[in-house]
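Here's a quick briefing to read with the model open beside you. Have a look at the sequence and the fold, then work through the points below.

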Amino acid sequence: MNTKNIIISLAALLVIAGIFLFRSGPEQEKQPGANDVKISEKSATSTSLTATSTDAATKQEGKLSLPTTRLSVVPLAFHHDIAVDKAACGEKIGTFRVTNPDSSTVLWWQITGSKPIWLGLSSTWGKTPENVDMTYNCILSGAGNGPYDASFDIVQTTEDGKMLSGYLFTVKVDGAISGMAQ
């Protein structure tokens, strides 16, 4: 890798780190507390649960109405081989769609966990429905020739960004990287 590519890679890493730090400010780093809404997978489709919070819905006589629908994310698996000497920056890997089966209401979502640095996403949070494009951004710092298997999670949230546990989807991307200088 020549000096120009190293400098470009480092600059891109700094930009991505800055975006990550900006997105994970105090609002994102709250510790779980009494106002967080949590639902177990077993009760994810329940329409009424006992809760102490009114942040995600209306509280009536100690009951909290939670969304009766869940996100839908399709597809959840992608295959993409990266030929470093042939792949163009911005090359499209695929698109997944985040929707609500009940199109009369809006659900909120966000991406959690880490994703490969070379994977660009057109959006990391939003409301339904939304198409999210995945692209190859040419930043292969730390990667090497050979197979890869990467993933990241999409979680359903309240409008103000509180995660609803039990509403989790994992998007997987696999393939092989070739053409890296040894």
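Which residues of the largest nonpolar core touch the most other members? They are F96, W118, M134, F152 and I154, out of 27 residues in that core. Bear in mind that you're looking at a predicted model.

**The chain overall**
- The protein chain has 1 helix and 13 strands, and if you read along the sequence, the helix comes ahead of the strands.
- Of the 182 residues in the protein chain, 33% are buried.
- Take the contacts with a separation of 6 or more, and 62% of them link residues 24 or more positions apart.
- About 10,700 Å² of the protein chain is exposed, with carbon and sulfur atoms supplying 56% of that area.

**The nonpolar core**
- Back to the largest nonpolar core: F96, W118, M134, F152 and I154 are the members with the most partners inside it.
- Several strands chip in at least two residues each to this core, namely β7 (91–99), β8 (108–112), β9 (119–121), β11 (130–136), β12 (146–157) and β13 (163–178).
- What does W118 contact once you leave aside its neighbours within four places in sequence? The list runs to I82, I93, T135, Y136, N137, I139, L140, Y148 and V173.

**The open sheet**
- There's an open sheet of 4 strands, ordered β4-β7-β11-β9 and paired in the antiparallel sense.
- Its edge strands are β4 (72–74) and β9, and each of these pairs on one side only.
- On average, neighbouring strands of this sheet are turned by 25 degrees against each other, with direction ignored.
- As a general reminder, strands of a sheet pair through backbone hydrogen bonds, and they can do so parallel or antiparallel.

**Strand pairs to find on screen**
- Start with β7 and β11, which run antiparallel and are joined by 7 bridges.
- In that pair, look for F96, which stands opposite V132 in β11; F96 is also one of the core residues that touch the most other members.
- Then move to β4 and β7, an antiparallel pair with 3 bridges.
- Here V73 is the residue to find, as it stands opposite V98 in β7.
- So where does β7 sit in the sheet order? You'll find β7 between β4 and β11, and β7 also supplies at least two residues of the largest nonpolar core.

Terms used:
Residues numbered from 1 in each chain as written. Predicted model: local features only at pLDDT ≥ 70, side-chain atom pairs only at ≥ 80, totals over all residues. Heavy atoms only, no water. Core = buried A, V, L, I, M, F, W, Y, C linked by side-chain atoms within 4.5 Å. Buried < 20%, exposed > 50% of the residue type's maximum accessible area, 1.4 Å probe, protein only. Contact = heavy atoms within 4.5 Å. Pairing = 2+ DSSP bridges. Axes fitted to C-alpha atoms, helices over the stretch in contact; angles between N-to-C directions. Areas by Shrake-Rupley, 256 points an atom, 1.4 Å probe, with all protein chains shown as cover.
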